[in-house]
Amino acid sequence: MMAPRKIQQYKFEIPEIIFGRGLLSQIGICAKRLGGKKVFLVSDEGLLNAGWVDYAIRSLKEAGLAHVFYGQVTSNPKDFEIEQGYKEYVRHRADVIVGLGGGSAMDAAKGIAILGSNGGRIQDFRGINMIQRPLPPLVLCPTTCGTGSDVSQFAIINDSKKHCKFTIMSRCVAPDISLTDPDTLQTLPQEYLGSTALDALSHAVEAYLSVAASTLTDVNALEALRVLKSNLHQALTERNPQAMENLARASQHAGMAFSNALLGVGHALAHPIGGLYDVNHGYINAILLPEVLRYNFPVSEHRIAALAQALGHNNFGSTKYAEEIVLEEVSNLARAGEAPSSLKALGVRSDDFSVLAQQAMEDVCILTSPRQSDSEDLQGILNKVY
């Protein structure tokens with residue numbers, strides 16, 4: 001059996017974190033505290049229609065701040081959306097950038113901030129630590145319960161010409177302030193409530209199994225799993241406010257875990273799939289996760305018992321039984337979140353597998369997988385979940 005790899009050194013980076021119901025009203029105060037005079041507010045049509053953009057603008061005005069609203073952001077944010085936002089940011093001479101929304105709006109805000117201080121094209125910053133100059137002050141406000149972008153050192157952008165996602169990783173892209181108001185989840189459509197929670201599930205599992213995991217990332221990953229297990233069903237079926245708040249909390253824990261431990265082959269595969277097909281990222285991860293777990297089990301035996309315990313099981317007699325428990329619980333959560341059962345159901349084509357696997361081999365998430373992989377391994381995972 002292949003020995004597990006392990007990185008011995010670690011660091012743990014997080015932004016200032018503000019969390020609580022009703023605290024979206026503090027956006028203006030946060031932006032002003034960062035020196036803001038004219039705020040560039042990045043969001044999307046869904047948040048505008050739900051009323052949260054107006055809510056945020058009211059807070060900015062109450063703090064005595066001017067603002068510019070940029071809402072040209074779609075799911076899986078595109079390079080041209082970010083570059084257009086950057087032009088608007090410069091044209092209006094804005095300063096503090098606020099991202100309000102799910103991972104797409106927050107990653108778009110990060111991309112605009114990168115160009116705001118560095119110029120160039122957003123593709124210039126693909127990879128690890130490619131950013132040369134500090135970003136403008138940045139406040140991120142998540143309105144979903146899974147992406148973790150508000151606490152992470154990542155931005156995931158879609159190259160619209162190559163139809164593939166690329167990853168930017170740098171301490172610079174973590175915001176100055178992460179501001180979470182769980183009340184915003186009340187207007188989140190059911191699909192995104194379920195799928196973003198499943199994204200948090202995959203973040204927690206992959207971060208826990210990562211070769212860069214540490215005691216600090218482990219405690220956050222396992223807490224995310226405990227909270228998801230206890231609250232997902234009630235949040236989805238009843239929209240219970242406390243359960244919804246707990247999902248937001250789980251997302252934050254999972255985000256802190258994966259931002260510092262990174263991820264693995266699941267996200268390495270999910271990124272090119274999302275880039276090529278422009279489909280729901282959380283659902284892609286939910287489909288992949290059981291097979292990713294099976295793939296990693298041979299080199300992660302020493303980690304599985306803790307996963308089973310976090311998912312609510314304390315009595316199991318063997319590692320094999322713990323593996324079965326973890327697979328069953330992950331599958332149950334995926335069903336509760338109404339994830340499709342296969343990649344085929346998402347419209348993925350099997351004749352693209354070789355290209356997807358090759359792109360995954362170039363994704364930064366592959367670097368911290370507990371098991372060294374090749375393109376054939378990754379195509380095998382895709383075939384099994386097709």
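How many disulfides does a search of the whole structure find? The search finds zero disulfides, and I would like to begin there, keeping in mind throughout that what we have in front of us is a predicted model.

Let us take two of the cysteines in turn. For C141, the closest cysteine sulfur belongs to C30, and because the two sulfurs are 7.3 Å apart, they are too far from each other for a bond. A disulfide is counted here when two cysteine sulfur atoms lie within 2.5 Å, so the 7.3 Å between C141 and C30 does not meet the cut-off. C141 is also buried, with a relative accessibility of 1%. C164 is in no disulfide either, and in its case the nearest cysteine sulfur, which belongs to C365, is 14 Å away.

Let me stay with C164 for a moment. This residue sits in strand β8, and at 8% relative accessibility it counts as buried, because buried means under 20% relative accessible area. If we leave aside the neighbours within four places in sequence, C164 is in contact with I157, N158, D159, G275 and Q359. Y192 comes 28 residues away from C164 along the chain, and the C-alpha atoms of these two residues are separated by 22 Å.

H203 gives us another pair to look at. It is found in helix α6, and it is buried, with a relative accessible area of 2%. Along the chain, H203 and F258 are 55 residues apart, yet their C-alpha atoms are separated by 5.9 Å. F258 also appears among the residues that H203 contacts, once its neighbours within four places in sequence are left aside, and the others are G146, T147, A254, L263 and H267.

A254 comes up again when we turn to N220, which lies in helix α7, covering residues 215-238. N220 is buried, with a relative accessible area of 9%, and, again leaving aside the neighbours within four places in sequence, it is in contact with F12, H253, A254, M256 and A257.

Next, helix α4, where we can check a length. The helix has 13 residues, from 79 to 91, and at 1.5 Å a residue they should span 18 Å; the C-alpha atoms at its two ends are 18 Å apart, so the expected span and the distance in the model agree. If you wonder how that number arises, the expected span is 1.5 Å times one less than the number of residues. Which residues of α4 are buried? They are D79, E81, I82, G85, E88 and Y89, and what covers them includes the strands β2, β3, β4 and β7, together with helix α5.

After α4 comes R93, in the loop between α4 and β4. Its phi is near 55°, which is a positive value in a residue other than glycine, and at 74% relative accessibility R93 counts as exposed. H163 likewise has a phi near 55°, and it too is a residue other than glycine. H163 lies in the loop between β7 and β8, and it is partly exposed, with a relative accessible area of 43%.

Finally, the pockets. The largest pocket has a volume of about 890 Å³ and is lined by 45 residues, with S75, G102, G103, S104 and T147 lying nearest its centre. T147 is one of the residues that H203 contacts. Several elements each supply at least two residues of this lining, namely α2, α5, β7, α6, α9 and α10, and α6, the helix that holds H203, gives the most, with six residues. By class, the lining has 15 nonpolar, 22 polar and eight charged residues.

The second largest pocket holds about 250 Å³ of space, and of the 14 residues that line it, K11, Q153, M169, N260 and L262 are the closest to its centre. Its lining has six nonpolar, six polar and two charged residues.

To finish, let me return to the opening question: the search of the whole structure finds zero disulfides, and C164, for one, is 14 Å from the nearest cysteine sulfur, that of C365.

Conventions
Residues are numbered from 1 along each chain as its sequence is written. This is a predicted model: local features need pLDDT of at least 70, side-chain atom pairs count only at pLDDT 80 or more; totals for chains, interfaces and linings use all residues. Side-chain values use heavy atoms; hydrogens and water are left out. On a 1 Å grid over the protein atoms alone, a cavity is a set of points where a 1.4 Å probe fits but cannot get out, and a pocket is an open set with protein on both sides within 12 Å along at least five of seven lines; lining residues have an atom within 4 Å of a point. Grid points are joined across faces, edges and corners, and a volume is the space filled by probe spheres set on the points. Helices (H or I, at least four residues) and strands (E, at least two) are DSSP runs, numbered from the N terminus. Ala, Val, Leu, Ile, Met, Phe, Trp, Tyr, Cys and Pro count as nonpolar, Asp, Glu, Lys and Arg as charged, and the others, Gly among them, as polar. Buried means under 20% relative accessible area, exposed over 50%, partly exposed in between (1.4 Å probe, protein chains only). Contact means heavy atoms within 4.5 Å.
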